[in-house]
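User: Please take a close look at one helix and its surroundings. Which parts of the chain does it meet, and how is it covered?

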Amino acid sequence: MSDTPLLQVRNLHKHYRNNRSLFSRELTQALAPISFELNAGETLAFVGEAGSGRTSLAQVLSGAKKRSGGQIFINGEELQSQDSQQRAKNIRMIFQDSSTSLNPRLRIGEQLEMPLKFNTSLDKAQRLAEVDRALLQVGLLREHAHFYPSMLASGQRQRVAIARALMLNPKILISDEAFGNLDTTLRAQCLNLLLQLQRQLGLSYIFMSHNLNLVRHISDRVMVMRKGVVVEQGDTEQVFNDPQHEYTKLLLSQQVIPQRNN
Ligand SMILES: Nc1ncnc2c1ncn2[C@@H]1O[C@H](COP(=O)(O)OP(=O)(O)OP(=O)(O)O)[C@@H](O)[C@H]1O
Ligand SMILES: [Mg+2]
C-alpha cells in the first residue's frame, strides 16, 4: 500500500517513576500520548524549551528506553518494544557529542563494524566493505577506519557518528541536538551532508532541537512541545510565519532577541 506512511506513532507515551522513595507512586509524565506520521524522505522537527520531552521521545523511538505505552508502526508493521534488531534496521540515533559516544580505545573501523556484527550475518569482508562505503558516504576516507577517535577533528568525529548511524541502512535517523556542540561552520557542513544523504538515500529525519533557525532550515513539518504535550503542529513555514499558539509565539520571540544582540 503506497499510502501507508513510513512511520506511524500512536499514543506513544513515557513516564518516569520518581525515586524519592521505594514506594513512591509519583510519576513524571515526560511525554503525554503523542501521535504522528512521517513519510519517506521527510523531515520532522520537535521544538520546545528544556524538559519538553524531546529526549524521552527520541529514546523511546530508538529503543534506548522502554515506552510506557503506545504503538509504533514501520510501513504498517508494528514495531515490538523488545525487537531491537528490527528497530535497529529501521530507526537509528545520531549520537550527540561524538567525543563521548565514540569509544576512545577502538579504531573507527571497529566501531562502525560493531552494529553489523550484532545485527547482520555479513562476513568479515562484507562488513569491511560496508565500513568503507559508509566512510565515503559521509565524506571521510577509507584510511580513517584505522584511526582512533582522538586522531580526528571534531567535525570528522561527527561524520563518524553519522556513518555509524547509517551502517544498517536505516530508513529513519533521529538527531537529538546532535550538532549542538559544533561551531556554526561545522554544523552547517554536517547539516548539508544530512540533506545530501537524504536526497541520495531517501532518508527520513526526526530532529530534536531548540535551535529554531536550524529547524526552519531543515524541516518540512514541526511539532511544538511543552512539558510533554504537543501544543501546535504544522508545515514549518506556516508555523514560523503564522504561529497560532501563545507558547509558539513566545518561543519564536525568544529566539529572535539574542540574535539581534549578536
Ligand atoms: N530518567 C529520568 N527520570 C526521571 N525523570 C526524567 C528522566 N529523564 C527525563 N525526565 C523528566 O522528563 C521530562 C522531559 O525530559 P526530556 O529530557 O525528555 O526533555 P527535553 O525536551 O529533551 O529537554 P532538554 O532541553 O533538557 O533536552 C523532564 O521533566 C525531565 O525532568
Ligand atoms: Mg533533551
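Analyst: Gly63 has a positive phi of about 90° and comes just after helix α1. This is a predicted model, in which local features need pLDDT of at least 70, side-chain atom pairs count only at pLDDT 80 or more, and totals for chains, interfaces and linings use all residues. Residues are numbered from 1 along each chain as its sequence is written, chains are lettered from A and ligands numbered from 1 in the order written, and side-chain values use heavy atoms, without hydrogens and water.

Helix α1 spans residues 54-62 and is mostly covered, with eight of its nine residues buried (under 20% relative accessible area, 1.4 Å probe, protein chains only). The buried residues of α1 are Arg54, Ser56, Leu57, Ala58, Gln59, Val60, Leu61 and Ser62. Helices (H or I, at least four residues) and strands (E, at least two) are DSSP runs, numbered from the N terminus.

The neighbouring sheet is open, with four antiparallel strands in the order β2-β1-β4-β5. Pairing takes at least two DSSP bridges between two strands. Because β2 (27-38) and β5 (77-78) are at the edges with a single partner strand each, one side of each has no neighbour in the sheet. At the β5 edge, two bridges connect that strand to β4 (residues 69-74), and the two run antiparallel. In one bridge, Phe73 is partnered by Glu78 of β5.

Helix α1 packs on this sheet and touches β1 (7-17), β2 and β4, contact being heavy atoms within 4.5 Å. The direction of α1 makes about 115° with that of β1 (axes fitted to C-alpha atoms, N-to-C angles from 0 to 180 degrees).

Terms used
Buried means under 20% relative accessible area, exposed over 50%, partly exposed in between (1.4 Å probe, protein chains only).
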